[in-house]
Amino acid sequence: MSSRYSFWRLVRHGYLGGGSWSSAWHAAEPKPHYDVVIIGAGGHGLATAYYLARKHGLRDIAVIERGWLGGGNSGRNTQAVRSNYFHPQSAKFYERSLRLYESLGRELNFNIMLSQRGVMTLAHSDHELDALRRWCNAIQLNGIDSELVTPAQIRELEPHLDLNGRFPIAGGFLQRRGGIVRHDAVVWGYARAAAGLGVDIVERCAVEAIEVQGGKVIGVRTNRGRISAGQVAITAAGQTNTLLEPLGLQLPIVCSTLQAMVTEPMKPLLRMLVNSPTVHVYLSQSDHGEIVIGGGTDGYDSYVQRGSLPTLQANAAAAIELFPVLRQLKILRTWAGVVDITPDTTPIMGRLPIQGLSVNAGWGTGGFKAIPAGGEALAETIATGREPEIIASFGLGRFAGGHLIDEAAAAGVAH
Amino acid sequence: MSGSRLPSGGRIDRGRVVSFRFDGREYEGFAGDTIASALLAAGVRLVGRSFRLHRPRGVLSSGLEEPNALVHIKLGRYEEPNVRATLFPLRPGLEVFSQNSWPSLRWDIGAFFDVLPRLWSAGFYHKTFIWPHWRLYEPVIRAVAGIGRVRSPEAFAGTFAQRDCEVDVLVCGGGPAGLTAAQEAARTGASVTLVHTGEEIGFAGTVQVFHNTVALGVFGEKVVLALQDCGWGPQGPRRCLLRIRAKSLVVATGMIEQPMVFEHNDRPGVMLAGSVTEYLERYAVKAGGRAVLVSNNDAAYDSLAAWRAAGIEVAAVIDSRQAVGEAAEAAVRESGAQLIAAPLGLSVLGRSRVRGVRFRLASGGVQHIVCDLVAMSGGRVPNVHLYSQAQGPLTYERGLHAYTPAPAPGGLYAAGSAAGLQDASVGPTHFAGRAHRQWLDFQHDVTVADVASAVEQGYTQVEHFKRYTTTGMAVDQGKTSLRNALEQLARHSGQSLDDLRPPTYRPPFVPLPLAAAAGPNVGRWYRPERRLPCHAEHVALRAHFDDVGGWRRPLHYGSPANECVAAEMRAVRTAVGLFDGSPLGKLELSGPDALEFLERLYVNSLRSLAPGRVRYVLMLRDNGVVFDDGTVTCIGPQEFLVTTTSGNAERIYLWMREWAECEWPRLKVLITPVTTAWGTVTLSGPGARSILTRVATNVDLGKDAFPHMSFREGQVAGVPARIHRVSFTGEVSYEINVSADQTPTVWRSLQAAGAADGLRPYGIDALNALRTEKGYLHIGADTDTTTTPLDLGWGTAIERKPQDFIGRGALSLPEYQRPDRLQLVGLVPLDPGAALLNGAHLVRTGVRRSEGYITSACLSPTLGHAVALARLEGGRARMGEELLAYDRGTTTRVRVVKPIFYDIEGLRLQA
């Protein structure tokens with residue numbers, strides 16, 4: 001068990017000869033067999049392992065990762081959390097996720113720096129304001145906080161926002177409980193807690209094949225040997241189909257590059273996460289002071305974790321369009337991730353038509369905010385053999401039946 | 001005064017004295033100085049504070065790698081935070097401010113953090129501030145975080161141009177290797193471009209040179225992003241963003257000298273040895289009077305003679321190696337300094353400026369040496385940022401203690417010292433000492449103790465290590481920290497540097513102004529306005545514009561809005577209105593298979609469409625949901641005009657091409673988009689025919705000769721026109737298409753012809769209300785990407801069509817048959833005075849669950865009450881039901897009715 005974190009421990013370790021910190025997680029050697037093997041040590045995979053151990057008492061679990069823990073989208077996103085989704089199924093799920101985030105720091109004993117300074121979506125015309133009103137009402141009826149704000153209120157909330165730019169601002173839609181979380185901390189926090197409960201985390205372990213016998217999954221073949229397993233779960237985002245295709249399965253997922261950037265760290269400039277579907281950019285300021293800027297995907301299918309120049313330039317122009325003050329700032333870092341997008345921008349979760357095999361994928365541009373609830377629901381699916389109610393509509397079967405949950409249609413833009 | 005200017009030498013213009021202010025105090029320098037050189041010449045050592053511990057910081061380097069001397073500058077109305085003082089040239093009137101301290105640089109309250117440095121070790125914030133909630137601590141942390149500050153939000157930020165180049169060979173770096181590479185490449189006849197950070201260089205031959213230019217990033221396919229400094233203009237610096245696409249890329253970006261690791265190696269007055277020399281030679285500035293050189297390589301000794309000649313007394317040379325080379329030893333002897341080889345510990349004395357060094361000899365004694373400058377050289381490492389960004393592989397070179405380029409395929413080369421081509425070998429970079437006082441990353445305050453702590457906690461993979469300690473994530477991006485930090489990581493974790501990989505290098509190499517990245521596409525050019533052919537006419541009519549579907553369109557004419565919209569609607573219902581519908585999507589389809597193509601594309605059957613007739617059509621996506629609507633007009637058996645919604649004009653054209661070219665390449669059909677070639681002016685209302693008669697000469701407008709849903713060609717106001725008799729208002733309407741440049745003529749003629757009959761121009765708002773009264777669909781408002789034609793009540797029409805069409809297969813999905821699908825209905829308020837709002841949701845009394853929502857609502861002046869279209873669960877079977885329209889806590893009682901409110905029989909259309 002790793003040492004517990006607290007201010008007192010910091011003092012003790014720093015000045016009272018309190019010994020050393022223990023490892024947050026151990027680099028485990030893979031054993032030949034586990035009850036559950038989870039492929040992909042991103043937020044969703046680690047959270048799944050944690051809840052399996054914590055809530056369902058399973059201990060014989062491995063999370064295997066071809067690269068480094070949290071090196072995929074968990075470490076490449078823009079840290080946004082919110083639950084203001086249009087459809088009741090989505091709203092319920094993301095609200096559960098936000099609730100879990102709200103107590104996650106304490107639960108994991110790891111400060112994930114949840115910063116609930118609000119998420120605001122802007123409308124630039126009456127037509128867009130109508131859409132926001134419809135969205136806002138839907139969310140209120142789903143029992144989640146949300147409000148419309150006038151341009152005058154927006155001026156108070158974000159004084160640097162230009163209300164009279166090329167696309168004047170007609171109003172906005174606000175979820176005050178939305179905000180940002182330090183993304184790496186979520187991954188490390190789950191990893192530490194899961195490892196503390198006996199979960200093996202195996203990095204640099206690439207799955208070469210999922211092994212199936214008689215319609216039932218029996219294990220995985222990796223570059224570090226065979227691992228047999230009672231159940232296998234895939235939490236590998238854009239790589240899901242690469243793993244599934246040899247089994248004759250293909251999920252309706254296309255992958256695209258989504259990039260983001262940060263400026264140099266500045267004293268506080270922005271208060272909220274501000275999102276404009278029309279100007280197509282969203283911005284927030286981290287607790288470190290960097291302005292985090294994201295926009296649309298690069299616009300073509302790709303598996304490359306490298307953003308294109310035109311999109312970078314478009315994002316920069318859009319950021320300045322909303323916040324002219326940002327002209328004075330400089331871009332410090334850029335990065336990109338591969339987002340796995342389903343036709344209705346709603347994830348695919350639950351069991352697959354191979355016994356013992358389940359999946360959690362298709363989060364597109366919004367997977368980070370879903371980590372706690374995604375992990376919790378997949379853990380329950382694995383432990384009980386059936387999907388909990390909260391993800392009942394996220395199954396693969398919806399594509400056969402046509403019951404899509406189109407959040408893009410409802411929200412206009414995802415992030 | 002410890003630093004001082006030499007009486008002669010340097011590449012400064014002593015004839016031009018430049019005065020400037022630093023934190024309010026006046027200083028003088030010369031033209032040719034940077035802020036850093038001028039401050040050093042004036043003896044200023046303390047220039048900033050570090051990020052985490054607010055440690056006092058001085059100038060470390062003389063170049064773009066500077067992590068410490070970040071300042072805020074103000075010159076006229078130009079301001080910029082986080083400027084590297086080592087690069088910014090002195091200008092008259094320049095005001096320089098230090099950053100990240102309060103109340104003053106000297107007496108900074110944040111320096112408190114350095115009292116208990118081991119408390120604020122790397123990642124401390126993950127271990128505390130958890131109870132009761134982070135939000136209680138966050139405001140304080142936010143206030144102390146951040147380096148720079150926006151002092152004047154309205155300040156100028158300089159001007160930026162953008163230029164694209166294509167070239168055979170691009171050479172980055174104007175040193176000997178870069179120049180040679182460029183020259184040799186040019187000799188082969190290739191087109192060659194060279195970018196370099198220095199001043200203008202004379203170049204014989206055909207090489208295009210961009211000086212004062214820094215290459216910032218390599219994107220896919222060797223597109224190199226560079227930023228050129230083009231001097232000063234009225235709004236600040238004029239800079240140009242270069243986007244250079246090269247077939248081959250030569251990276252000749254040289255090396256960057258690295259610090260040594262010892263206690264308090266971050267104190268103001270500890271500098272890179274090469275920079276001490278550069279300040280001497282370029283700026284004639286002595287960075288100190290009495291220096292100690294701390295080194296691990298012989299090359300650093302070369303400077304001793306120059307220092308001594310300039311009057312810098314060299315007190316001692318402290319080398320981490322047991323023995324140094326003969327030449328180096330001779331250089332020490334000549335300088336009269338003491339050589340201390342491999343001491344057991346080394347520490348800098350002094351707080352806000354160096355006062356000396358203290359070290360422990362192998363023999364056990366502790367010695368002090370008084371000095372005011374510690375020059376350090378941990379060897380030079382190849383500057384591999386660009387090479388790595390271009391996907392070039394790196395290998396670890398033990399002799400250099402550095403990652404160097406390995407050969408790469410596909411026209412990527414490293415040249416000169418950037419390629420690791422130096423024969424110097426370097427010794428240990430690290431002296432013994434208290435780990436938490438040995439700095440690795442100066443700006444982010446990462447110490448050797450932080451590395452040890454990160455390793456202890458398992459953050460041993462390079463990316464984890466980087467993110468956990470934030471090494472290399474500061475404004476200098478690790479140029480002077482990454483090498484030493486990775487060595488410490490290897491040392492503490494037992495990993496081999498051969499196996500470690502430096503973290504991914506990503507653009508930009510140095511911070512790129514956001515405004516430069518945006519280029520000229522800001523302000524009114526952010527997304528240039530698309531104007532209608534009759535824009536000037538609309539302006540003259542006092543139109544209120546907005547962007548609709550990418551066009552500047554009149555919402556209504558005059559003010560106040562409500563009254564104008566009502567008057568415009570009344571004009572259409574009782575007299576006649578004039579509408580500019582030019583953005584309407586227009587396509588011409590021709591060829592023997594044009595009809596077959598349209599049959600496959602649209603829900604409607606079109607085989608029965610006779611020449612001269614028009615049909616309203618609906619198009620689906622392949623998953624069965626509604627994509628677009630519009631009209632198809634038959635001109636002849638092989639010739640059709642198609643209109644689409646304005647917002648989808650381009651999308652539908654691309655969609656058609658995709659099917660024609662990718663899915664059905666055998667169909668012989670030619671698709672021509674003509675949206676912007678034709679202006680569209682619509683005359684609508686009971687008086688439309690009589691007004692058109694007055695201007696249209698050769699078209700028979702008779703009720704039977706030109707009935708509803710038909711098409712004629714002829715002249716309108718002397719202009720060739722295509723006239724559709726279709727209606728989106730419910731009144732007799734003529735959609736007149738004329739060539740875009742003639743549209744204003746036709747608009748004005750119609751306006752004049754109708755003036756006496758009460759003709760009024762009407763805008764989008766009135767049109768929207770008029771079509772809502774009629775229950776006409778507005779795609780994208782009354783539908784979304786889940787709406788099927790079945791939800792709109794098109795089931796019977798679809799059953800009648802014999803042929804397959806896009807989306808038909810999907811319509812049999814079980815989900816689409818559910819009785820509780822959202823179906824299009826009409827709503828009226830029970831209280832005739834009540835308003836209905838778009839976006840209100842429909843609920844039953846006492847049940848907090850949305851059963852649908854209003855998609856289009858308006859106050860109908862014709863009917864005297866509000867009407868609305870809505871999507872309601874199982875709506876078609878719920879006619880007459882009473883519901884509540886919920887809007888943010890308030891409710892309005894409504895009744896479900898058919899989605900048509902006006903002229904239900906359609907008699908007015910046929911008139």
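## Helix H16 of chain B and the interface with chain A

In this predicted model, the buried residues of H16(B) are covered by elements of chain B that include strand S35 (585–590), helix H15 (594–601), strand S36 (614–620), strand S37 (626–636), strand S38 (639–644) and strand S39 (670–673). The buried residues in question are Ala649(B), Ile652(B), Tyr653(B), Trp655(B), Met656(B), Trp659(B) and Ala660(B). They lie on the same side of H16(B), because the arc they cover around the axis is only 160°. On the face turned away from this buried side, H16(B) carries Glu650(B), Leu654(B) and Cys662(B), which are exposed.

The length of the helix is consistent with its residue count: at 1.5 Å a residue, the 15 residues of H16(B) (649–663) should span 21 Å, and the end C-alpha atoms are indeed 21 Å apart.

The second topic is the interface of chain B and chain A, for which the table gives the principal values.

| Interface of chain B and chain A | Value |
|---|---|
| Residues in contact | 113 residues of chain B, 99 residues of chain A |
| Area buried between the chains | about 9,200 Å² |
| Share of that area on carbon and sulfur atoms | 56% |
| Salt bridges | six salt bridges |
| Residue pairs in polar contact (both at pLDDT 80 or more) | 67 residue pairs |

Of the area that chain B buries against chain A, 9% is supplied by Arg142(B), Arg467(B) and Leu514(B), more than by any other three residues. A salt bridge links Asp784(B) to Arg134(A), with the closest N and O atoms 3.5 Å apart.

Definitions and conventions:
Residues are numbered from 1 along each chain as its sequence is written. Chains are lettered from A and ligands numbered from 1 in the order in which they are written. This is a predicted model: local features need pLDDT of at least 70, side-chain atom pairs count only at pLDDT 80 or more; totals for chains, interfaces and linings use all residues. Side-chain values use heavy atoms; hydrogens and water are left out. Helices (H or I, at least four residues) and strands (E, at least two) are DSSP runs, numbered from the N terminus. The expected span of a helix is 1.5 Å times one less than its number of residues. Buried means under 20% relative accessible area, exposed over 50%, partly exposed in between (1.4 Å probe, protein chains only). The arc is that of the directions from the helix axis to the C-beta atoms. Contact means heavy atoms within 4.5 Å. Buried area is the accessible area (1.4 Å probe) that two parts lose on being put together, summed over both. A salt bridge is a side-chain nitrogen of Lys or Arg within 4 Å of a carboxyl oxygen of Asp or Glu. A polar contact is a pair of N or O atoms within 3.5 Å; within protein, one must be able to donate a hydrogen and the other to accept it, and residues adjacent in sequence count only if both atoms are side-chain atoms.
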